[in-house]
Amino acid sequence: MRWSIVFFVFVAQLAVAQHRKITITVEDKDAVVTVAPLRYNKSFACSFTLDDGYISAARVALPYFNGGQVAAPFKDQWGFDEGGDGADYPGLYYTDGCGNAVSFKAAVAINAKAIHFSWDELAQMKQAGWDILNHSFTHATGKDVKAGWEVEENTRTVQQRLQHNMQQFVIPGGKDDHLSAPFYTNAAFAQGLKVVHSGQYPDYWIEPSTREDWNRLCAGRLFLNSKTSMTDVVFNGIREHLATGKYYWLNTFTHSVGNDDLWNISYRFADFKELFNRLAKEYGKEGKDNIWFAPPEAVHAYENIRRTVKPLITRSGHQFNISFDVNTLEKYNALTFLVQSSTAIKEVKGVNCTIESYNGKLINITW
Ligand SMILES: [Zn+2]
């Protein structure tokens with residue numbers, strides 16, 4: 001890169017840099033303010049991705065998570081029933097820690113050459129706060145894969161259709177295709193994607209704060225399927241990881257969630273419903289309320305912000321001042337601050353940021 005270009009990029013970034021400031025007023029002189037390990041100060045994060053763009057993602061999973069009518073049984077183009085039961089569902093929720101319900105949000109990993117829901121339905125998922133992940137343009141596998149082209153063409157097509165930049169890649173070969181994995185991983189990182197997901201990568205329980213490869217994260221993932229019982233794997237895993245007192249991210253996926261086990265690689269509606277209901281009941285709004293059920297880009301962005309944005313926290317009298325600069329605006333711009341204080345927070349004000357919500361213990365901001 002020529003120096004003039006480097007300089008230009010530097011100046012361009014400075015132009016977006018904005019000083020953000022939050023003022024908190026508390027009576028307690030010994031109050032302490034810190035950044036929460038996970039958004040909304042949750043104990044663990046959980047993500048769920050539906051691979052390959054199957055229609056049940058839009059017509060079953062989206063209304064089930066978001067609240068709405070799940071599709072009645074229907075046969076897809078291959079003769080599989082990709083519908084649910086046609087009933088209305090209230091949605092699944094956790095809270096922002098301040099009493100406001102937030103719906104479970106998933107992700108779809110797509111091959112833009114052939115998506116099985118419509119582009120309008122994909123836009124609706126995006127609108128609902130779901131992530132769209134790059135899963136290669138044609139789902140090619142094997143040693144002769146044109147990995148660079150597959151990643152790029154998929155990025156280009158989604159950009160053109162939805163004006164949307166995908167930020168993470170899911171290797172199409174799954175657990176068994178070791179031949180294409182290194183090519184895809186290198187291509188995705190070379191093209192600026194930040195996370196590459198694969199069942200081949202070691203762990204689907206990820207500890208964000210200790211990962212050294214956060215900028216180029218190789219994320220493992222747990223395959224939710226109807227061939228074996230997943231409930232023990234998931235719920236024992238959660239209990240074990242919560243018991244460590246550390247903050248983990250559980251990364252899961254499947255393909256389709258309709259009534260049939262599509263291609264024997266899916267998670268039947270009955271199983272899907274049972275697992276996610278129980279997850280919401282135990283760890284969501286009506287339960288311990290310690291789950292952050294968010295798509296992978298949101299989880300990655302929060303830790304990235306935590307690592308790169310270092311808020312300066314000072315105090316004068318009853319006022320705490322938190323100030324920080326961010327150079328680039330990303331898709332997810334959010335932080336949660338923890339306030340340990342013997343008295344309630346009297347007032348919170350933000351400059352160049354939005355105070356989303358706060359209570360006696362935490363403050364959620366976005367910008
Ligand atoms: Zn796939």
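Colleague: Which strand do eight bridges join to β1?

Modeller: Strand β18, residues 319-326. Strand β1 covers residues 18-26, and the two run antiparallel. A strand here is a DSSP run of E, at least two residues, numbered from the N terminus. Two strands pair if DSSP finds at least two bridges between them.

Colleague: Is there anything I should know about the model and the numbering?

Modeller: This is a predicted model: local features need pLDDT of at least 70, side-chain atom pairs count only at pLDDT 80 or more, and totals for chains, interfaces and linings use all residues. Residues are numbered from 1 along each chain as its sequence is written.

Colleague: Back to β1. What is the bridge partner of Thr25 in β18?

Modeller: Gln319. In β20, the partner of Thr25 is Glu347. Six bridges join β1 to β20 (residues 345-351), again antiparallel.

Colleague: New topic. In what order do the four strands of the open sheet come?

Modeller: β2-β19-β22-β21, with antiparallel pairing. The edge strands, β2 (32-35) and β21 (354-358), each pair on one side only.

Colleague: And how many bridges pair β19 with β22?

Modeller: Five, linking residues 334-340 with residues 362-366. Leu335 stands opposite Ile365 in β22.

Colleague: Now helix α8. Buried or exposed, mostly?

Modeller: Mostly covered: 10 of its 13 residues are buried. Buried means 20 or more other C-beta atoms lie within 10 Å of the residue's own, with C-beta atoms placed from the backbone. Among the buried ones are His300, Tyr302 and Arg306. A helix is a DSSP run of H or I, at least four residues.

Definitions and conventions
A residue is buried if 20 or more other C-beta atoms lie within 10 Å of its own, exposed if 12 or fewer, and partly exposed in between; C-beta atoms are placed from the backbone.
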